[in-house]
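Trainee: I'd like to go through this one with you before I take it back to the bench. Let's start with the picture.

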Amino acid sequence: MLRVRNLSVEYPHTQLGPHLGRVLKDVSFDAKAGERIALLGANGAGKSTLFLSLLGILPIHGGSVEICGVKLEKSALAEVRARAGLVFQNPDDQLFMSTVWEDVLFGPLNYGRDKADGGTGLEDKAGLLLRSLGIGHLKDRMSHKLSGGEKRLAALAAILIMEPQVLLLDEPTAFLDPRGRRALTKILAALPQTMLIATHDTAFVETLSSRAIVLNQGSIRADGPADSVLRNEKLLEECGLAALEHI
Ligand SMILES: Nc1ncnc2c1ncn2[C@@H]1O[C@H](COP(=O)(O)OP(=O)(O)OP(=O)(O)O)[C@@H](O)[C@H]1O
Ligand SMILES: [Mg+2]
């Protein structure tokens, strides 16, 4: 479903010289259909960079990525992005229309399957999705004037409605209150998609994921059953995650 081999990514740190800006180093992993994998790592470990590079939003400097059998390359960007959807760490990067409703319909009307049939049934689907996320009442509100948690849920709706086969979720529970978090956990647990979930929320990991990958300074430090990774205090401490158990 997702195949990543020896992925290297760097940011252009022009003053630093070659390779000093390398943020992902030799990252390799596979994700099977339906797997929900937690991506753990301290601030700056490279989680968001990984997501952006998987969709070709950031160029890759080495290695390869394959999503649902499609190899990531310039000519296949649209195909890759139809198969994998990213919910950005910052919802302001995702919401750009004037209302929540327009934001949620934007993808299907411009890129999705619904484009072909003029969106028949789309409004029902969008309404149902917003209600299931507990934000049905926000439909006509201005996206940029929502609270942090409301924006997060609206951004999630804008991706879920596209029904991507692979979901990349960058700190999905950030800004959510307990009710929003519960609604989100329930929704994600019922979805069949393959998911890669970057998070610092251990309870969320334990409920949703059976596997965890730990990134440390741009390299994979551990990849295994979520419960054993979360209980490996030495590993977590070495990767700057020691506080996880004690939040
Ligand atoms: N646009 C950029 N230009 C240069 N360096 C960047 C850029 N974005 C991120 N970086 C650097 O790349 C490294 C990895 O950042 P990234 O955002 O991927 O970390 P993260 O694991 O998502 O962290 P967080 O938990 O804080 O979200 C950091 O050192 C960061 O400073
Ligand atoms: Mg990040």
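**From a covered helix to the ligand shell**

Trainee: What covers the buried residues of α5?
Mentor: Helices α3, α4 and α6 are part of the cover. Contact is two C-beta atoms, placed from the backbone, within 7 Å; helices (H or I, at least four residues) and strands (E, at least two) are DSSP runs, numbered from the N terminus. With a strand added, the list includes α3 (100-110), α4 (122-132), α6 (178-190) and β6 (84-87).

Trainee: What kind of model is this?
Mentor: Residues count from 1 along each chain as its sequence is written, with chains lettered from A and ligands numbered from 1 in the order written. Local features need pLDDT of at least 70, side-chain atom pairs count only at pLDDT 80 or more, and totals for chains, interfaces and linings use all residues, the model being predicted.

Trainee: How many residues of α5 are buried?
Mentor: Buried means 20 or more other C-beta atoms within 10 Å of a residue's own (exposed is 12 or fewer, partly exposed in between), with C-beta atoms placed from the backbone. Among those that pass are R152, L156 and I159. Of the 13 residues, the buried count is 11.

Trainee: How far apart are the end C-alpha atoms of α5?
Mentor: The expected span is 1.5 Å times one less than the number of residues. The 13 residues of α5 (148-160) should therefore span 18 Å, and the model agrees: the ends are apart by 18 Å.

Trainee: Which strands stand at the edges of the sheet?
Mentor: Strands pair if DSSP finds at least two bridges between them. This open, mixed sheet of six strands runs β6-β7-β8-β3-β9-β10. Two strands have a single partner each, so one side of each lacks a neighbour in the sheet: β6 and β10 (219-225).

Trainee: Which residue in β7 stands opposite A84?
Mentor: β6 pairs in the parallel sense with β7 (166-170) over four bridges. Opposite A84 is V166.

Trainee: In β9, which residue is the bridge partner of A38?
Mentor: A38 shares one side of β3 with R36 and L40, all buried. β3 runs parallel to β9 (211-216), joined by four bridges. The partner of A38 is A212.

Trainee: How many charged residues are in the shell around ligand 1?
Mentor: Near means a C-beta atom, placed from the backbone, within 6 Å, and the residues around the ligand include Y11, N43, K47 and Q89. Asp, Glu, Lys and Arg count as charged; Ala, Val, Leu, Ile, Met, Phe, Trp, Tyr, Cys and Pro as nonpolar; the others, Gly among them, as polar. Beside three nonpolar and seven polar residues, the charged count is one.
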